[in-house]
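Open the model in your viewer and set it to a cartoon view. We will walk through it stop by stop, choosing what to select as we go.

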Amino acid sequence: MANIVITGELFADAVDRLIHAGHSVIHRAEPSPIHRDELLAAARDADALICLVSDRIDEQMLARSPNLRIIANVAVGYENIDTEAAKRHGISVTNTPDVLTETTADLTVGLMLAVARQIAGGDRDVRAGRFGAWGLLPLRMGTDVHGKALGIVGMGRIGTAVARRGRFGFGMHVLYYDRGRNFPAEQELGAVHVPLDRLLQQSDFVCIHVPLTPSTHHMFGAPQFRRMKRTAYLINVARGPIVDEEALVEALHAGWIAGAGLDVYENEPSVHPALIALDNRTVLLPHIGSATRETRRAMAHIAVDNVLAQLSGRQPPNLVPDS
Ligand code: NAP
Ligand code: GLV
């Protein structure tokens, strides 16, 4: 019997699989992120940890958890975990790729539409009794999405799924920047691999889908925003710190770009007050890229699959690349 700690809410049917396998489960089924001290205390005797992107799993925590054998992140991104430290301690790290790809791509398209067609602002106006400020004014308008140039930064799983929606759903022309070539996407979607500068200059929608790593931290700052079209939109459903938020605010204020649709922020759960104030240029979501019932359940079961594999001596199916 192993001790398994789950730091946040998780589907009961997934948790039950751990209990039915004979393990002892401490499930902190709270809707708020676990406090650091509580995390350190809970993980001290744990053999397995199922955690969320809001949990910082670092050397200090790992050094205090001598029995830990696996950290199963309920997310595809895993920059919240010090994977090098985990490796030094002989601890497996797993994530939940693939099952959230389509759901996250749906939300990305939703943000493109919401910001370009002013869906969120229109909704706010109707609720505030300002219907007439819109419907009857021929020159109050947004921007088309269909037929435009879509720039994908990071043509991996989610980037490709967004590109597919853009190409086949909206007749968009797809450019992409990635450190490698994605030949299947080029063939299927006619996507063109370009340097980042060219993507910024030519795209009407720039969608970020790279992971957060030292090489992508602040990949978007003032120089990148200055290169974008003044009519273009930035969409970030990847990670907040990929964008220098101060520079984004400056770009929006100065009109270097038309707007931004964001699901992620540099200092979550804080959101830069200027982004909130710029409500005619931004659409802001609370990190809900994968947040559908179907996908969150699938993610929970994948985390459990990984833990059960590790605890029964098998290789977990979703070890992260540098684990
Ligand atoms: P993925 O399949 O690994 O795609 C990422 C792509 O970016 C890969 O092609 C990767 O190349 C490329 N890349 C990595 N570093 C790069 C760099 N420095 N310059 C250029 N390209 C680079 O990952 P995914 O499943 O699509 O997920 C992408 C990210 O989305 C996750 O890491 C996560 O942070 C975020 N996400 C957010 C939400 C949300 O709720 N908002 C939900 C799901 C995912 P290689 O293959 O060579 O590494
Ligand atoms: C969510 O942010 C994820 O990385 O899955």
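The tour starts with the whole chain, moves to a sheet and its strands, and ends at a helix.

**Stop 1: the whole chain**

Keep in mind that this is a predicted model. With everything shown, you are looking at 13 helices and 12 strands in the chain. Turn the C-alpha trace along its principal axes and the spans come to about 65 × 50 × 30 Å. How does the radius of gyration compare with that of a compact globule? The chain has 21 Å, which agrees with the value near 20 Å for a compact globule of 323 residues.

Now switch on the surface. Its accessible area is about 15100 Å², and carbon and sulfur atoms hold 53% of that. Of the 323 residues, 51% are buried. If you display contacts with a separation of 6 or more, 60% of them link residues 24 or more positions apart.

**Stop 2: the open sheet**

Hide the surface and select the strands of the sheet in the order β8-β7-β6-β9-β10-β11-β12. These 7 strands make an open sheet with parallel pairing. Which strands stand at the edges? They are β8 and β12 (282-284); each has a single partner strand, so one side of each is left without a neighbour in the sheet.

**Stop 3: strand β6**

Select residues 149-153, which are β6. Is this strand mostly covered or uncovered? It is mostly covered, with 5 of its 5 residues buried. Show the side chains to see how this works on both faces: Ala149, Gly151 and Val153 are buried on one side, and Leu150 and Ile152 are buried on the other. The pattern fits a general rule: side chains in a regular strand alternate between the two faces of the sheet.

Next, add the neighbours of β6. Strand β7 (residues 173-177) pairs with β6 in the parallel sense over 5 bridges, while β9 (residues 205-208) runs parallel to β6 and is joined to it by 4 bridges. Centre on isoleucine 152, which stands opposite tyrosine 176 in β7 and has cysteine 207 as its bridge partner in β9. One position to look at as well is valine 153, whose bridge partner in β7 is tyrosine 177.

**Stop 4: out to the edge at β8**

Follow the chain from β6 through helix α7 (residues 157-170) to β7; this β-α-β crossover is right-handed. Carry on from β7 through helix α8 (residues 183-189) to β8, and you have traced a right-handed β-α-β unit.

Zoom in on β8 (residues 192-193), which runs parallel to β7 and is joined to it by 2 bridges. Here leucine 175 stands opposite valine 192, and tyrosine 176 stands opposite histidine 193. Tyrosine 176 is thus a handy residue to keep selected: it faces isoleucine 152 as well as histidine 193.

**Stop 5: helix α13**

Finally, select residues 293-311. This is helix α13, with 19 residues and a reach of 27 Å from its first C-alpha to its last, close to the 27 Å expected at 1.5 Å a residue. Step just past α13 and you arrive at glycine 313, which takes a positive phi of about 85°.

Definitions and conventions. Residues are numbered from 1 along each chain as its sequence is written. Chains are lettered from A and ligands numbered from 1 in the order in which they are written. This is a predicted model: local features need pLDDT of at least 70, side-chain atom pairs count only at pLDDT 80 or more; totals for chains, interfaces and linings use all residues. Side-chain values use heavy atoms; hydrogens and water are left out. Two strands pair if DSSP finds at least two bridges between them. A crossover is right-handed if, with the strands pointing away from the viewer, the path from the first strand over the helix to the second runs clockwise. The expected span of a helix is 1.5 Å times one less than its number of residues. The radius of gyration is taken over C-alpha atoms; the globule rule is 2.2 Å times the number of residues to the power 0.38. Buried means under 20% relative accessible area, exposed over 50%, partly exposed in between (1.4 Å probe, protein chains only). Contact means heavy atoms within 4.5 Å. Accessible areas come from the Shrake-Rupley method with a 1.4 Å probe; for residues, only the protein chains shown count as cover.
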